[in-house]
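User: I am new to reading protein models. Can you take me through one, feature by feature?

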Amino acid sequence: MTTSASLRAVPTDADADAARADAAAGTRAAPLAAPKDLPALDRLLRDAALAPLVRTHGHTLVAAEARALLEARRAQARAGTLAAEAVATPALAAAVQAAVHARLEPRLRGVLNLTGTVIHTNLGRASLPPAALAQVAATMAGPNNLEYDLASGGRGDRDAIVEELLTTLTGAEAATVVNNNAAAVLLTIAALARDKEVIVSRGELVEIGGAFRMPDVMAAAGARLVEVGTTNRTHPHDYERAIGERTALLMKVHTSNYAVQGFTSAVDEAELARIAQAKGLPLATDLGSGSLVDLAAYGLPREPTPREKIAAGCDVVTFSGDKLLGGPQAGLIVGSHEAIGRIRRFPLKRALRISKLPLAALEATLRLYLRPERLAEDLPTLRLLLRPQAQIRALAEALRGPVAAALAPRFAVEVAALSGQIGSGSLPVERLPSAGLAIAPAQQGKRGAGRALDELAAALRALPLPVIGRIAQDRLLLDLRCLDDAAPFVAQLPALARSLGHPAAGADTEVGGAAR
Ligand SMILES: *Cc1c(COP(=O)(O)O)cnc(C)c1O
């Protein structure tokens, strides 16, 4: 604000460079502020400009943000990089307000998943059905009967809330639930085979992603892994020969995120169950995704169901709540009375138990399966997987114009046939025929094109409702399978155009029939 401030600021090399650049450009450097030009914290907080903010949010938060701001400004002033007008009270008050609002913004936010992967592990996996959201809202704001038996007035068991549903839907005798499927596998192995041996085929020693690798889970559960067969072929006699004194469990793992093709052979559950029963051993299968309905009946790629595995003779089947099942994060364990009883009584169960929020959502999601005729409508995951390509293409055609207008002249937009995936490790080979928008930089030049696409992807992620696409073959692809309602996407196009530096293009975007 004063020229004396800029005279007192310690000049740095950067300032000298900037001054030289200014001189070369024929402009004059803006006046700079010194640390002593900044107000004391108390004075700033007492200023009328901050009074409404303090009234709304209280002294603690506003003071913390004001203190941090003043410290940052002081450092800038010391470095000679703080413009004189930045120390004026209105400017500081506005900056404190922005900082308070930013601090109150949730870090966990909704996004638009236009990656083409329906159950995306990095994007929160399955979207919850409205029925599940309603059940969480209805039961979680107050007390509930989580572990209270309303019939007897005595202590209840949280498993009881979903056990009957799970046995009905899988044909199993008993069921229990934990925090996620990784916990279900860990608990099953620990409860049935701690300090003993578990026999698994070498073709099934999967890594799911993150830190979940079958051999490590075995070790963590305190069991000894006995590998049998080879990567591509395992036979019944491989299991039979490996069974010994210390064997406690035979285990199969669904190779959910990869496929072994060609000269292969595996022993199925029915055959393995005969081997296990002959030796009085339990058989467990980790299904990973485990759809509760036969997806082939809907024209989707087949995925094994827990019901089939129980019918084949498995004593325990584990699967996820938030993959193909379409519910909250949970680990479902179904099986025989004997095996589930041991699992439920094992002390680790208490540490891995499901919490009441996902349990409420899980119960409501499972209940949807009692009306399979309506499932494709009621369960968002299934609805999105079943969305016809023609419908997705029609949406792409409706959105092409508005998106092209927002991105012109730097990018060209085309409707494209795309190939999506179910995701979360299920069905790694099969692709979902889909459609969407393919966006390419208008001018050629490979390096510039890559940078332009990265910039566009970043601008899409920076929108109030972040849009996540994917870059492939020098284009940014927006797969529209999971764009349920286009209106929030279209409403952001003017902001997208502005962030890319062409406000005129996006300002009067006509939504037209695209909003469905
Ligand atoms: C996904 C998966 C898991 C882990 O399940 P979470 O619910 O993510 O803990 C374990 N096993 C298999 C085969 C899987 O596909």
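User: Let me start with one residue. Is Glu 227 buried or partly exposed?

Analyst: Look at how much of the residue's area stays accessible. A residue under 20% is buried, and one over 50% is exposed. Glu 227 has 36% relative accessibility, so Glu 227 counts as partly exposed. One caution before we go on: this is a predicted model.

User: Which residue does Glu 227 pair with in a salt bridge?

Analyst: The general idea comes first. Side chains of opposite charge can pair when their charged atoms come close. Here, Glu 227 forms a salt bridge with Arg 202. Their closest N and O atoms are 3.0 Å apart. Arg 202 is partly exposed too, with a relative accessible area of 40%.

User: Where do Arg 202 and Glu 227 lie?

Analyst: Always place both partners in the fold. Arg 202 sits in the loop between β5 and β6, while Glu 227 belongs to strand β8. The two are 25 residues apart in sequence, so the pair ties together separate parts.

User: What other salt bridge involves β8 and β5?

Analyst: Take Arg 224 and Glu 197. Their side chains meet at 3.2 Å, N to O. Arg 224 is in strand β8 (residues 224-228) and Glu 197 is in strand β5 (residues 197-201), so this pair links parts 27 residues apart in sequence. Glu 197 is buried, at 13% relative accessible area.

User: Which residue meets Glu 204 in a salt bridge?

Analyst: Lys 252 does, with 2.7 Å from N to O. Lys 252 lies in strand β9 (residues 247-253), and Glu 204 lies in the loop between β5 and β6. That pair therefore ties together parts 48 residues apart in sequence. Now check the cover. Lys 252 is buried at 9%, and Glu 204 is buried at 6%.

User: Which residues are joined into one network by salt bridges?

Analyst: Look for shared partners. Glu 147, Arg 155, Arg 158 and Arg 353 are joined that way. In total, the structure holds 22 salt bridges.

User: Now strands. Which strand pairs with β14 over 10 bridges?

Analyst: To read a strand, ask what runs beside it. Strand β13 (residues 411-420) pairs with β14 in the antiparallel sense over those 10 bridges. For one position, find Ser 419, which stands opposite Pro 433 in β14. Strand β17 (residues 475-479) is also antiparallel to β14, joined by 4 bridges. There, Leu 437 has Leu 478 of β17 as its bridge partner.

User: How many residues of β14 are buried?

Analyst: Count them along the strand, residues 432-441. The tally is 8 of 10, so β14 is mostly covered.

User: How many helices and strands does the whole protein have?

Analyst: Zoom out now. There are 23 helices and 17 strands. The protein has 516 residues, and 47% of them count as buried. Its accessible surface is about 24600 Å², with 54% belonging to carbon and sulfur atoms. Next, look at contacts between residues with a separation of 6 or more. Residues 24 or more positions apart account for 75% of these.

User: What is the average pLDDT, and where is the pLDDT below 50?

Analyst: The average is 90, and 89% of the residues score at least 70. The pLDDT is below 50 over residues 1-16, a stretch with 23 contacts in the model beyond near neighbours in sequence. It is also below 50 over residues 505-516, where the corresponding count is 21 contacts. Where pLDDT is low, the predicted coordinates should not be read in detail.

How values were computed. Residues numbered from 1 in each chain as written. Predicted model: local features only at pLDDT ≥ 70, side-chain atom pairs only at ≥ 80, totals over all residues. Heavy atoms only, no water. Buried < 20%, exposed > 50% of the residue type's maximum accessible area, 1.4 Å probe, protein only. Contact = heavy atoms within 4.5 Å. Areas by Shrake-Rupley, 256 points an atom, 1.4 Å probe, with all protein chains shown as cover. pLDDT = per-residue confidence, 0-100. Pairing = 2+ DSSP bridges. Salt bridge = Lys/Arg side-chain N within 4 Å of Asp/Glu carboxyl O.
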